[in-house]
Amino acid sequence: MKQVKPLVILISVLFAMIIVIPSLLVFPFSAKEGGKLIEESKSEPSPTLTTNTLNSEVEVAVYRSQAKTIEHVPLEEYVVGVLASEMPADFELEALKAQSLSARTYIVKKMIGGQAVGVPEGADVTDMVLHQVYKNKDELKELWGIDYERKMEKFQEAVRSTAGQILTYDSTPIEASFFSTSNGYTENSEDYWENPFPYLTSVASPWDETSPKFHNQVTMTVAEFEQKLNIKLPSDGTVGKIIARTPGKRVDTVEISGKTFKGREVRDQLGLSSSDFTWVRKNDQIVISTKGYGHGVGMSQYGANGMAEEGKTYQEILTHYYKGAQISDATPYLTNFIVKN
């Protein structure tokens, strides 16, 4: 076999490079439409909402009940103000994170749902318990004094670490209801409100027993009791008979002087802490004992803190109280709410 000379090899290699390299350089420009690169000819993508966008370009219109004005607050800043108003700063960080998602989910659902009930035109929510309690930085500074920086940093950390996250079920933001303290169980939504939600079902919440709001007792006169419920108590010293309780161990129905009430009715009309109540008549007074604080539907705040104290993460807390809900990105739901500067 004839040996190929080195010079011939070198010339062959150089020739190949002359052919190949220009084709590599031209390739990105070979697919053109109307004289433009294919990358340039594609339509501009929809703007992607980042955490910074959520904080600066998506605003919540909050009706300030005292000033009677509407305050426009960046979304994540609003969540901080709600978190700082709804939970103590000494709660565990994971519990604060869980509350951040509940608060953010609540407001996102309100915003995409349109005009809210109980607020003036142009507002998304009030700053009261009707929706979510909210205080701005100046109000919190006045409230906390020298503790402001310490407390604010903890709340901001909880919000930063969960920024842009909400809870969804079947790709829809959930009704992220929450309350202070359970009676040991949460309540099925349909047992307190009219509508059932598959993710708002009764679950055990034993951690609440350490809450300072777990037990409460109020005393009122017989006359006050009768006036509030619009009934007349019998003269035999009895008050009423509890007919049924809910799966969440709260009063479902109760009979008083031949009249049937729902547990929620009694709670609302008597101003009780919970619809898990018992009572006893002592002469001309009625002593009412309750367990828990709040409506009982959704996430218990003291229960969440108890779980966090046991080492549970905010994800574990949320999946316990909101059955079947998923943690999702809020950005797809908020593209219509970017503030145009």
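**Lining of the largest pocket.** I sorted the lining residues of the largest pocket in this predicted model by class and obtained 16 nonpolar, 9 polar and 7 charged. The lining comprises 32 residues. I then looked up which of them lie nearest the pocket centre, and found V129, L130, H131, F178 and H295. Next I recorded the elements that contribute two or more residues to this lining: the helices α4 (75-86), α5 (93-112), α10 (263-270) and α11 (301-309), together with the strand β8 (178-179). For the volume of the largest pocket I noted about 1000 Å³.

**Residue S189.** I located S189 in helix α8, which covers residues 189-192. Is S189 buried or exposed? Its relative accessibility is 0%, so I entered S189 as buried, the cut-off for that class being under 20%. I then asked which atom the side chain of S189 reaches at 2.9 Å. The partner is the backbone nitrogen of F197. F197 also appears in the contact list of S189, which I compiled without neighbours within four places in sequence. The other entries in that list are N195, P196, L200 and V297.

**Whole protein.** I counted 12 helices and 16 strands. Of the 341 residues, 43% are buried. I also examined contacts between residues at least 6 apart in sequence, and 66% of these join residues at least 24 apart. For the accessible surface I noted a total of about 18600 Å². Carbon and sulfur atoms account for 53% of that surface.

How values were computed
Residues are numbered from 1 along each chain as its sequence is written. This is a predicted model: local features need pLDDT of at least 70, side-chain atom pairs count only at pLDDT 80 or more; totals for chains, interfaces and linings use all residues. Side-chain values use heavy atoms; hydrogens and water are left out. On a 1 Å grid over the protein atoms alone, a cavity is a set of points where a 1.4 Å probe fits but cannot get out, and a pocket is an open set with protein on both sides within 12 Å along at least five of seven lines; lining residues have an atom within 4 Å of a point. Grid points are joined across faces, edges and corners, and a volume is the space filled by probe spheres set on the points. Helices (H or I, at least four residues) and strands (E, at least two) are DSSP runs, numbered from the N terminus. Ala, Val, Leu, Ile, Met, Phe, Trp, Tyr, Cys and Pro count as nonpolar, Asp, Glu, Lys and Arg as charged, and the others, Gly among them, as polar. Buried means under 20% relative accessible area, exposed over 50%, partly exposed in between (1.4 Å probe, protein chains only). A polar contact is a pair of N or O atoms within 3.5 Å; within protein, one must be able to donate a hydrogen and the other to accept it, and residues adjacent in sequence count only if both atoms are side-chain atoms. Contact means heavy atoms within 4.5 Å. Accessible areas come from the Shrake-Rupley method with a 1.4 Å probe; for residues, only the protein chains shown count as cover.
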